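The following exercises invite the reader to examine a molecular structure step by step. Each task is followed by a worked solution.

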Amino acid sequence: MTNVNTDPAADALVRAYLDRLRAASRNLPPERRDELLAEVLEHIDAALVADPQGGPEVATRNVLDRLGPPEEIVRAESEGTPYAGAPAYPTPAPASPWGGLEIAAVVLLAIGGVVLPIVGPLVGLVLAWSSSRWTRPQKAVASGLAMLPVLLVIPFVLVGS
Amino acid sequence: MEPGASARNVLTQLRRGTIEYCVLAVLADGDDYAFELVRRLSAVDGLVTSEGTIYPLLARLRRDGLVTTTWQESDAGPPRKYYRLTPSGKRALAGFTDEWTRFRDAVDELLEPAPDRRPRQGGRRDEREH
């Protein structure tokens, strides 16, 4: 493992630290996780060469203290920067766009006109635009679909007249 | 919240927001390998509390194309990964330096108890100083 650490107590400390880091980083992409473990191990080796004061065990303890808790390091992986807009891990699942209100809106827009002409689709439109789950473009598409039957009828009316 | 805690919170946010530009600034002086870079940053008082958190930051800077890495042989031990500023990293640093200087000066001006900030009339300041 490390060519610096031949002391068993120091070696056990490093091993335990890396085990904690491995456990904390299990949600990272595999390549990044391997890389992070290699980076931290390289840091430990370099730090023990730079500050060997106090003997292997004390020096190792100091180096690991300065590195900080493994969980904190992994947490820093998912911290985005407002300037760079880096992707965060893990990506949270997007909220479903379908709630009771949205389903009712679509049903009314689609077949509401059959049950209650004009009023049915109109209520559907109101429901669609009051949805907090849908974005503005999605609401526009829903409204467009509601208008579709009307638009389809227009050519026939024009031809007929 | 007690006043001290609020100031500490502000400093935490400032540190978090500026640390990546501090990394770029350190690299502007020349390439560094990771350990050296981390130690130069943590030598600055209060900037880095957990040295290990610099590695995720370096990975992000690399993903964003602000730094690149090269492997170089070392006199002692295995080859080391060196970090270097890219042209877009230099631009990001220059942009931040401008913004930061302006921000810092503005805050300093309000915080410093400047004697000439008392009743001030245009053009009178120079006379008083002489």
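The exercises below concern a predicted model and treat the contact between its chains, the salt bridges and a nonpolar surface patch.

**Exercise 1.** Determine how many residues each chain gives to the contact, and what area is buried between chain A and chain B.

*Solution.* Step one is to count the residues on either side: chain A contributes 24 residues and chain B contributes 23 residues. Step two is to consider the area. Between them, chain A and chain B bury about 2200 Å², and carbon and sulfur atoms account for 50% of this area.

**Exercise 2.** State which helices of chain A supply at least two residues to the side that touches chain B, and describe the residues of that side by class.

*Solution.* Begin with the polar contacts: eleven residue pairs are found across the interface of chain A and chain B, both residues being at pLDDT 80 or more. On the side of chain A that touches chain B, at least two residues each are supplied by helix H2 (30-50), helix H3 (55-67) and helix H4 (70-77) of chain A. The largest share, nine residues, belongs to H2(A). By class, the residues of this side comprise twelve nonpolar, three polar and nine charged.

**Exercise 3.** Find how many salt bridges the whole structure holds, and explain why the pair of Arg62(B) and Glu35(A) joins two chains.

*Solution.* A general principle comes first: side chains of opposite charge can pair when their charged atoms come close. Over all chains, the search yields 18 salt bridges. Five salt bridges are found across the interface of chain A and chain B. For the pair in question, the closest N and O atoms of Arg62(B) and Glu35(A) are 2.9 Å apart, within the 4 Å cut-off for a salt bridge. Arg62(B) belongs to helix H3 (residues 54-63) of chain B and Glu35(A) to helix H2 of chain A; therefore the pair joins two chains.

**Exercise 4.** Identify which elements give two or more residues to the nonpolar patch.

*Solution.* The patch covers about 1200 Å² of surface, and its residues include Trp98(A), Ile103(A), Val114(A) and Leu122(A). Two or more residues come from each of helix H5 (100-115) and helix H6 (119-129) of chain A. H5(A) provides the largest share, six residues. Leu122(A), for its part, is placed in helix H6 of chain A.

Terms used:
Residues numbered from 1 in each chain as written. Chains lettered and ligands numbered in written order. Predicted model: local features only at pLDDT ≥ 70, side-chain atom pairs only at ≥ 80, totals over all residues. Heavy atoms only, no water. Contact = heavy atoms within 4.5 Å. Buried area = accessible area lost by both parts, 1.4 Å probe. Salt bridge = Lys/Arg side-chain N within 4 Å of Asp/Glu carboxyl O. Polar contact = N/O pair within 3.5 Å; in protein donor to acceptor, adjacent residues only side chain to side chain. Helix = DSSP H or I, 4+ residues; strand = E, 2+ residues; numbered from the N terminus. Nonpolar A, V, L, I, M, F, W, Y, C, P; charged D, E, K, R; others polar. Patch = residues over 30% accessible without salt bridge, like charges linked within 9 Å, V, L, I, M, F, W, Y side chains within 5 Å. Areas by Shrake-Rupley, 256 points an atom, 1.4 Å probe, with all protein chains shown as cover.
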